[in-house]
Amino acid sequence: MKAVTHHTTPLKQFVYFHHTEALPGSWSGLDNAKLTASDCAPRNSRYDSQAAVFGWKYQEELANQRWFIVGSGAIGCELLKNLAMMGVACGSDGLLKITDMDQIEISNLNRQFLFRRPDVGQKKSEVAARAVKQFNPELKIEAMAERVGADTEGIFTDEFFSNLNGVLNALDNVDARRYMDRRCLFYRLPLLESGTLGTKGNIQVVYPYLTESYSSSQDPPEKDIPICTLKNFPNEIQHTIQWARDQFETLFSQPSENANRFLEDGIEFMKHLETLAHNQKLEMLEAVANALATDKPESPEDCVVWARTLFQANFHDTIAQMLHMFPPNMMTDQGAKFWSGTKRCPHALTFDVSQPEHFHFVYAASILRAEQYNMKPILDQETVAKIASSVTVKPFVAKQGVKIAVTDAEAKEMNERVDADSEQAEVHLKTKLAKIDPAAMKKLQPIDFEKDDDTNHHMEFITACSNLRAANYDIQPADVLKTKQIAGRIIPALATTTAAVAGLVCIELFKMIDVGNKLPSTPLENFRNGFINLALPFFGFSDPIKAEEKKYGSVSWTQWDCLEVPAPMSLEQVIEWVKNKTGVDNVTMVSSGVSLIYSFFMNAQNRTKRMPMELRDVVAEVSKKEIPPYAHSLVLEVMGEDGDGEDVDIPYLKYVF
């Protein structure tokens, strides 16, 4: 392609960068300067070239490393391949552990190269572990299929982490990255973090006592499409696709989930409603009442009628109402045209079953509606077209007293407003739900959006829905592939970027090897955080940011430090222990997770009761959860003050059983 088009012709030049800082120095028992010719002599081994650089002693230590790879997607596959080729975990004491709860999908195959077509549907970690053994049969690897999180700490226990040399993240979401970051801080393990975004990639080194953690800094939030643009004034195809995606959730996913919650426990459902803002409460009540009573279909034919009526509501009546309120020739108070700039003047659509998008919308919506109510949908297109054509819709009559938000501020104000009519509507909806007998109702089927199954009609609905909305506003429509990319939030993944990032990660791993499986005292300036963009091309490296130092009294500490408190102690004894250890005059608060177990403003009766209790009993009582049998310690956050009432930063407490 490049040869034919002369587009992005490769430059006839090389980019040169060295990584001599990866060689072990005087801080390591494997000091590269002390190597002799015999230490690096070839042995007719696959590792000869690596040993020529690092020496055979280093190669042996590399073989006995024990690392945990979290994620077996694009980066996970590349890391596995690199580690196998480097000889990591190929010795008698070495072991790689890898976990990924996901199954292989067809869309993974273009960049997750350890997988093949017959592997689709199998667990990623298991297939990857099996495949990478072909690169190096000596590799010791153990595959798991568990997600990492608070709910699996019974699997990923203290013993699990105590046997590791470090963690390699190959994750695709920030929450899991932050969780693993907290685990590595707690167990004082190195973490090599990496990610890609199209042609962009980055790696971050998190090293015990030396660098800040992954969670110490955050990316700026992504820009959202303004609510008003999405709901009333779209001007790009991205806006209509996002609107269609929201429609999918609002029609086929959320109502089913909320209706099922009501059917399972109506009292708890009503209690939950009272915690919501008024308009949210009203929306949820209306959705559940419609799902279980007002709009409940009795047959697959009803689903087609509902879909045809939905077309009328979304693409005709809503637009006609907007044009009634904001006519095409309307002028603002400033004398400018209302419909100008990014505000495109819409026009209502009249249903025509012979128009492909019109038909596909009704067809896909009727199928999804039937599946939602556990009915067998009508799949014959002629039958659906016949029913849809025979539906008589009510002629449009403009509503009076309706307000359409023109700005986000107006939308927010309208959302927060409570009037007599909305309060009356709430009473009416609650009365309607009270008449429903949950025992006589079947549960609904929530439909989760799945972009990669071409037979489930999800993309058919979203594409038709988006393009009809685009037709309302004279926006250029998009085909299924473009719609799938935006609705499924697909970021083009390039195998080249992934390979480069995984290579940079493994160079940083070279700097974490020492004699006897211990961590070397590698200087901060020898580590490199990397940032690349192959499209520019840009390759940037920087020293990791040093862990921030804090103080209590004359003692300096960083986020890697903690105060270990030996159990058993009462709450009162723990507070006294902290005062003696840190020199603070007053402990103002003690918390465990989200549970506040002591504070200066707490009820006097609770304080008197809790002070003599053993700390574990206090935590169990306040959190209303038993401490799991696999836990060997509790983490406590403490706030203290000095004699002047100023806050003193104190490391977290590790209450060791």
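Select Met459, Ile462 and Thr463 in H17 together with Val480, Thr483, Lys484 and Ala487 in H18: these two sets meet, where contact means heavy atoms within 4.5 Å. By class, this contact of H17 with H18 holds four nonpolar, two polar and one charged residues. Ala, Val, Leu, Ile, Met, Phe, Trp, Tyr, Cys and Pro count as nonpolar, Asp, Glu, Lys and Arg as charged, and the others, Gly among them, as polar.

Before moving on, note that the model is predicted, that local features need pLDDT of at least 70 and side-chain atom pairs count only at pLDDT 80 or more, while totals for chains, interfaces and linings use all residues. Residues are numbered from 1 along each chain as its sequence is written, and side-chain values use heavy atoms, with hydrogens and water left out.

**The helix pair**

Extend the selection to helix H17 (residues 458–472) and helix H18 (residues 480–487), whose axes come within 10 Å and cross at roughly 100°. Axes are lines fitted to C-alpha atoms, for helices over the stretch in contact, and angles run from 0 to 180 degrees between N-to-C directions. H17 and H18 are therefore roughly perpendicular to each other. Angles under 35 degrees count as roughly parallel, over 145 as roughly antiparallel, 65 to 115 as roughly perpendicular and the rest as oblique.

**The whole chain**

Zoom out. The protein has 22 helices and 16 strands; helices (H or I, at least four residues) and strands (E, at least two) are DSSP runs, numbered from the N terminus. Its C-alpha atoms fill a box of roughly 90 × 80 × 55 Å along the principal axes. Of its 657 residues, 47% count as buried, with buried meaning under 20% relative accessible area, exposed over 50% and partly exposed in between (1.4 Å probe, protein chains only). Among contacts with a separation of 6 or more, 69% are between residues 24 or more positions apart.

**The eight-stranded sheet**

Next, display the open sheet of eight strands, ordered S3-S2-S1-S4-S5-S6-S7-S8 with mixed pairing. Two strands pair if DSSP finds at least two bridges between them. At the edges are strand S3 (141–144) and strand S8 (538–542), each pairing on one side only. On average, neighbouring strands of this sheet are turned by 10° against each other, direction ignored.

Now pick strand S1 (residues 66–70) and strand S4 (residues 166–169), a parallel pair with four bridges. Ile69 has Leu168 in S4 as its bridge partner. Add helix H5 (residues 124–132), which packs on the sheet and touches strand S2 (95–99) and S3; the direction of H5 makes about 160° with that of S3.

Stay on S4 and show side chains. In a regular strand the side chains alternate between the two faces of the sheet. Here Gly166 and Leu168 point one way, Val167 and Asn169 the other, and all are buried. On to strand S5 (residues 191–197), which runs parallel to S4 and is joined to S4 by two bridges. Val167 stands opposite Leu191 in S5.

**Nonpolar cores**

A nonpolar core is a set of buried Ala, Val, Leu, Ile, Met, Phe, Trp, Tyr and Cys residues joined through side-chain atoms within 4.5 Å. Which members of the largest core touch the most other members? Select Leu80, Leu83, Leu96, Leu168 and Leu509, out of 50 residues. Elements that each supply at least two residues of this core include helix H4 (74–86), strand S6 (200–206) and helix H19 (495–510). The largest share, eight residues, comes from H19.

Centre on Leu80. Leaving aside neighbours within four places in sequence, Leu80 is in contact with Ile69, Leu96, Ile98, Leu114, Ala128, Val132 and Ile141. Apart from the largest core lies another, of 48 residues, among them Trp243, Phe338, Phe351 and Ala385.

**Backbone stops**

- Leu536 and Pro537: a cis peptide bond joins them, with omega about -10°. Pro537 lies in the loop between strand S7 (529–533) and S8.
- Ala567 and Pro568: the peptide bond is cis, with omega near 0°. Pro568 sits in the loop between strand S11 (562–566) and helix H20 (571–582).
- Arg188: phi is near 55°, positive in a residue other than glycine. Arg188 is in the loop between helix H7 (174–187) and S5, and counts as partly exposed at 22% relative accessibility.
- Asn374: phi is again positive in a residue other than glycine, near 55°. Asn374 is in the loop between helix H13 (356–372) and helix H14 (381–390), and counts as partly exposed at 40% relative accessibility.
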